[in-house]
Amino acid sequence: MFSLKQNCWFIRKVVIWRSVASIAWSVLLLPVTSAVFVLLSRFSLFHPIQWISECTSLLTASSTIFSLVVLCGVVLITGLFNLEFYTLVPSIPCSRMALLGTVLHPRQCVHSLVYCTMGMLVMWCASVTIGGRYSTLGIPCRQSESGEVVTCLNEYHLFLLLAGAFMGYSHSFLGVVQNMYYVSFQPIQQYKYPRFKGCLPMVVKCSVIQSLYSARNFAALYFFFGYVPKTWISSTLHLQIDSSLQPLDSLTGLLDFSLLYHLSISGTFLYFTWYLTVLLFRIYVTEAYSFPVQSTFTEDAEQCLPKVLAETNTLVMKFLALQDLALLSQHSLSRRLEVFSLSQPGGHPHNWNAISRECMSLLSELTQRLLAHQDAVASNGRVKSQSASIDTRSASSSSSVVSGTEDVSETPRLSVPLRTPGSVFTSSVGGMHSALTAPFTPDVDSPFSSPAIRRLVGQQEPRSPWFGTVQSPHIMRRGPKLWSASTESQSNGSPPASPATVPSPPAANQKPSFLAQWLQNRREQVKSFLAKRVLIVYLFNKLPEASSQALFADSQAHIWALQGLSHLVAASFSEDQFGVVQTTLPSILSCLVVLLEAVDRHFKLPHASSKPVRTVCSMGDSTYKTLRFALRAALKTAIYKITTTFGEHLNAVNISTEHRKRLQQFLEFKE
């Protein structure tokens with residue numbers, strides 16, 4: 001999320017000015033879109049000359065100029081909301097209850113209220129522009145009994161205003177459901193104008209489709225509940241209701257082709273104004289930015305690529321730095337030579353060490369995240385032994401020990417130590433987005449969590465039957481007796497080993513009180529009762545692909561790290577004059593192979609390899625749903641890039657036997 005409160009040079013000098021440029025272009029395009037709306041709203045097939053003359057006079061009227069000023073304010077507020085709410089990592093709720101909580105969040109409620117107000121303002125401008133029976137809220141009418149002229153409520157004007165509020169809330173609601181606040185980066189870089197020209201038909205299509213959907217839904221809603229706002233506004237503003245006119249909350253009143261046409265045209269204009277602002281914001285923010293590899297002056301050191309890559313607070317700067325790394329590794333020879341250069345004086349490869357360390361740290365963090373998710377899925381309500389978990393982790397990460405890469409000083413360490421499955425859930429894996437581990441973490445307080453999961457996540461007591469490596473829940477694990485240990489040590493001729501003393505728990509923890517036991521029993525009864533209710537199960541059940549999508553929500557950064565790292569390693573075969581890359585080549589290969597094994601195991605899980613369902617046309621970006629497939633393809637491409645460049649020279653690299661066998665498959669093109 002781009003917060004205006006972030007005190008970062010990149011936010012001040014780049015992001016804010018790019019946002020201002022997108023808002024300025026949206027304001028400059030308002031007269032064009034307003035002119036098109038005037039032409040369509042006053043369209044007359046049988047009187048073309050009168051139609052053109054009326055539109056020309058209307059475009060120069062004072063009411064139209066005032067409407068443009070109001071629309072400029074709406075666009076300005078929309079641009080500020082874009083800057084404040086948009087994020088580079090999508091928020092993926094893993095249950096319907098989580099989605100409902102996001103929609104009902106106070107911050108989101110304020111956002112919906114503001115968009116409802118802006119929708120009413122846009123619809124007011126549209127009704128004034130259309131004129132005729134839509135122009136004002138109050139119209140003069142004559143009472144049938146006394147014949148006196150009074151002010152009556154103009155239901156057509158009220159209908160458009162309420163439709164604007166409904167469309168505003170729909171836009172805010174769909175922003176959460178369809179992740180409209182998610183800013184994605186294009187895989188193929190384009191200049192701003194070609195990208196805008198290519199996306200403009202899609203924006204028009206989405207505006208028309210969404211306007212038709214909203215018009216249909218609002219017409220049905222007004223048919224059932226339209227009398228409520230109509231009666232309240234007429235009594236509040238002391239406006240009479242003209243009984244001679246057909247009410248719009250009836251079937252004959254809604255079957256008015258002119259009303260539905262103007263509602264659809266006005267809704268299309270409203271959605272197009274908002275969508276155009278969103279599109280321009282995405283184009284400007286995701287524009288590539290070139291960071292210097294090294295600086296001449298000390299005060300500019302924080303703006304260099306190695307320093308920026310280590311940034312964790314400003315995600316937009318980190319993402320653009322990784323994108324710049326991927327681009328320079330493929331297309332810029334001079335900047336690659338700066339990466340491979342040595343520092344003067346000293347002769348140390350600081351640039352390469354910082355860049356490779358950050359890339360491998362990102363990949364190691366993703367590996368740890370995948371291992372934690374696999375442990376959570378593998379348990380599936382069963383408690384895994386701690387020794388088995390440690391053996392599994394040590395086997396998957398044995399490359400750092402067998403290959404002898406611990407002698408390399410620049411090899412990045414994993415961000416967290418290897419943990420048992422229980423400790424994986426109690427503390428999230430560190431890294432750039434450790435919050436992403438929360439969606440697949442089991443909810444201990446959920447009424448559907450099994451007792452085994454609660455024992456897995458909770459702290460185990462030393463005298464509990466689940467303590468240690470057990471094969472059955474009915475067998476108590478007991479430590480060796482003191483004399484047996486000393487007898488064996490004396491018979492073997494070795495010094496007596498110090499026994500591992502198990503701290504005895506306090507007396508209060510051995511037997512819970514009656515009140516605590518009673519509360520625990522009542523809690524379990526409530527959970528079991530709620531677990532049988534269909535609505536509760538529907539709200540709290542995990543969505544099939546949400547956990548897998550949440551795991552790879554930030555994988556665009558990992559894809560760029562893979563591309564930049566693999567292309568730099570491949571280019572070092574002919575461009576690295578000092579051999580700075582060769583010192584970290586074993587650790588890079590081991591890191592890639594370990595990540596590939598973790599990704600392959602993940603795709604064997606349920607719903608991990610299923611393709612997402614194609615949605616209807618919307619401005620919500622759904623590319624995050626396929627990031628896991630893009631990451632797997634980028635990972636294999638990166639390994640192929642290195643193996644095809646080095647060829648048989650990889651046999652001289654000091655890596656483990658298992659990793660060498662896996663790389664041999666890439667050398668033989670069998671993957």
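A disulfide is a pair of cysteine sulfur atoms within 2.5 Å. This model is predicted, and the structure holds one such pair. The disulfide joins Cys141 to Cys152, with 1.5 Å from S to S. The torsion about the S-S bond of Cys141 and Cys152 is about 40 degrees, so the disulfide is right-handed. The pair links distant parts of the chain. Cys141 sits in strand β1, residues 138–142. Cys152 sits in strand β2, residues 149–153, and the two cysteines are eleven residues apart. Both Cys141 and Cys152 are buried.

Other cysteines deserve a look. Cys591 has its closest cysteine sulfur in Cys359, at 9.7 Å, which is too far for a bond. Cys591 is buried, because its relative accessible area is 11% and the cut-off for buried is under 20%. Cys304 is buried as well, with a relative accessible area of 5%.

Next come the charged pairs. A search of the whole structure finds 15 salt bridges. One of them pairs Glu155 with Lys230, whose closest N and O atoms are 3.6 Å apart. This pair links distant parts of the chain: Glu155 belongs to helix α7 (residues 155–177), Lys230 to helix α9, and 75 residues separate them. Glu155 and Lys230 are both buried. For Lys230, the relative accessibility is 8%.

Lys230 has another partner. A salt bridge connects Lys230 to Asp249, with 3.5 Å between the closest N and O atoms. Lys230 lies in helix α9 and Asp249 in the loop between α9 and α10 (251–254), so this bridge ties together parts that are 19 residues apart in sequence. Asp249 counts as buried, at 18% relative accessibility.

A further salt bridge lies within one helix. The side chains of Glu365 and Arg369 meet at 2.6 Å, N to O. Both residues are in helix α15 (residues 350–379). They are four residues apart, so about one helical turn separates them. An α-helix has 3.6 residues a turn, so residues three or four places apart point the same way. Glu365 is buried at 2% relative accessible area. Arg369 is buried too, at 0% relative accessibility. Back at helix α9, salt bridges that share partners join Glu155, Lys230 and Asp249 into one network.

Helix α9 also leads to the surface. A nonpolar patch there is formed by Leu221, Phe223, Phe224, Phe225, Tyr227, Val228, Leu251 and Leu255. Together these residues have about 850 Å² of accessible area. Two elements give two or more residues to the nonpolar patch: α8 (192–225) and α9 (227–236). Which of the elements gives the most to the nonpolar patch? Helix α8 does, with four residues. Val228 is found in helix α9. Its relative accessibility is 46%, so Val228 counts as partly exposed. Lys230, in the α9 helix too, is buried.

The last stop is helix α11, residues 257–285. How many residues does helix α11 have, and how far does it reach? The helix has 29 residues and reaches 42 Å from its first C-alpha to its last. That is close to the 42 Å expected at 1.5 Å a residue. Helix α11 is mostly covered, with 25 of its 29 residues buried. Asp256 caps its N-terminal end. The cap places a side-chain oxygen of Asp256 at 3.2 Å from the backbone nitrogen of Ser258.

Conventions: Residues numbered from 1 in each chain as written. Predicted model: local features only at pLDDT ≥ 70, side-chain atom pairs only at ≥ 80, totals over all residues. Heavy atoms only, no water. Patch = residues over 30% accessible without salt bridge, like charges linked within 9 Å, V, L, I, M, F, W, Y side chains within 5 Å. Areas by Shrake-Rupley, 256 points an atom, 1.4 Å probe, with all protein chains shown as cover. Salt bridge = Lys/Arg side-chain N within 4 Å of Asp/Glu carboxyl O. Buried < 20%, exposed > 50% of the residue type's maximum accessible area, 1.4 Å probe, protein only. Expected span 1.5 Å × (residues − 1). Polar contact = N/O pair within 3.5 Å; in protein donor to acceptor, adjacent residues only side chain to side chain.
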